[in-house]
Amino acid sequence: MPEILPGEDREKTVAGKKANKVVVFTVGREYFALPLESLVEIYRSVEITPVPLAPRFLKGVVSVHGQLASVISLGEILEAPSLAGNSGLLLILAREFGGIALLVEKTTGFSSYNNLEEVTMEQGPDGGSVHFLEGVFRDKGTLVTLISPEKLRIWIDQEFAKEEE
């Protein structure tokens, strides 16, 4: 059953500066965030149709309002052991990000940040680079890693190209 994101004002100021609003979620024991404007909705449990011979991070596809979306497991990409397996929530990204539904364990809520610290984690599970991590910020004392949906889509496209070789 889809859960439509609230149509609240997406601009907020913190300490006189425009804050960047995000949705925070977990993968394994780590906290991540996506820009709120990149999300369309959040689905609770929904049936995922497996895709034969797909890369491990592609859990399958789902139908979202009659359009197919690829279900991507961040846990597989980041080698973060999932506490939920193939269950959890699907974060449906806007169509301009290539029909992606991110499988995550749970959302912890909405937050905002002003300053983002750069991250130097560039090692992926295959020894390659993970370039979709934008940086980190603190949310109530918890370190949260921001994911760039644009860079994630590019990374996924590159991984599919590797599979075709």
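Start by selecting Leu53, which sits in the loop between strand S5 (39-43) and strand S6 (58-64). Is Leu53 buried or exposed? Leu53 is exposed, with a relative accessible area of 87%. Now look at its backbone: Leu53 has a positive phi of about 60°, although it is not a glycine. Most residues other than glycine have a negative phi. Keep in mind on this tour that you are looking at a predicted model.

**Colour by confidence**

Since this is a prediction, try colouring the chain by pLDDT. The mean over the chain is 81, and 76% of the residues reach 70 or more. Where is confidence lowest, and where is it highest? The lowest mean, 43, belongs to strand S1 (residues 2-4), while strand S4 (residues 30-35) has the highest, at 95. Select residues 1-15 next: here the pLDDT is below 50. Beyond near neighbours in sequence, this stretch makes 35 contacts in the model.

**A hairpin and its turn**

Move along the chain to Lys140, in the loop between strand S11 (133-139) and S12. S11 and S12 form a hairpin with 2 residues between them. Like the leucine you began with, Lys140 is not a glycine, yet its phi is positive, at about 55°. With 77% relative accessibility, Lys140 counts as exposed.

Now show both strands of the hairpin. S11 and S12 pair in the antiparallel sense over 6 bridges. To see one of these pairings, select Phe137 and its bridge partner in S12, Val144.

Keep Phe137 selected and add Ser112, a residue of strand S10 (residues 106-113). Ser112 and Phe137 are 25 residues apart along the chain, and their C-alpha atoms are separated by 9.3 Å. Ser112 is buried, with a relative accessible area of 17%.

**The other partner of S12**

Strand S12 (residues 142-147) is also home to Thr145. Which residues does Thr145 touch, leaving aside its neighbours within four places in sequence? They are Tyr31, Phe32, Ala33, Leu133, Gly135 and Val136. Thr145 is buried, at 16% relative accessible area.

Add S4 to your view. S4 and S12 run parallel and are joined by 3 bridges. For a closer look, pick Ala33, whose bridge partner in S12 is Leu146.

**Into the core**

In soluble globular proteins, nonpolar side chains tend to be buried together. Here, the largest nonpolar core has 28 residues. Select Phe25, Leu34, Leu74, Leu102, Phe132 and Ile147, the residues with the most contacts inside this core. Several elements give two or more residues to the core, including strand S3 (17-27), S4, helix H1 (74-77) and helix H2 (149-164).

Zoom in on Phe25. Not counting residues up to four places away in sequence, Phe25 touches many residues, among them Tyr31, Leu34, Leu74, Leu91, Val104 and Ile147. Apart from the largest core lies another, of 10 residues, including Val64, Val71, Leu90 and Ile92.

**Charged pairs**

Side chains of opposite charge can pair when their charged atoms come close. How many salt bridges does the structure hold? There are 4 salt bridges.

Show Lys59 and Glu76 as sticks: they form a salt bridge, with the closest N and O atoms 3.3 Å apart. This pair links distant parts of the chain, Lys59 being in strand S6 and Glu76 in helix H1, 17 residues apart. Glu76 is partly exposed, with a relative accessible area of 23%.

Next comes the salt bridge between Lys151 and Glu134, where the closest N and O atoms are 2.8 Å apart. Here Lys151 in helix H2 is linked with Glu134 in strand S11, 17 residues apart. Lys151 counts as partly exposed, at 39% relative accessibility, and Glu134 is partly exposed too, at 31%.

Stay with helix H2 and select Asp157 and Arg153, whose side chains meet in a salt bridge (3.1 Å, N to O). Why are Asp157 and Arg153 separated by about one helical turn? Because they are 4 residues apart in helix H2. Asp157 is partly exposed, with a relative accessible area of 42%, and Arg153 counts as partly exposed at 27%.

For your last stop, select Arg56, Lys59 and Glu76 together: salt bridges that share partners join them into one network.

Key. Residues numbered from 1 in each chain as written. Predicted model: local features only at pLDDT ≥ 70, side-chain atom pairs only at ≥ 80, totals over all residues. Heavy atoms only, no water. pLDDT = per-residue confidence, 0-100. Contact = heavy atoms within 4.5 Å. Buried < 20%, exposed > 50% of the residue type's maximum accessible area, 1.4 Å probe, protein only. Core = buried A, V, L, I, M, F, W, Y, C linked by side-chain atoms within 4.5 Å. Pairing = 2+ DSSP bridges.
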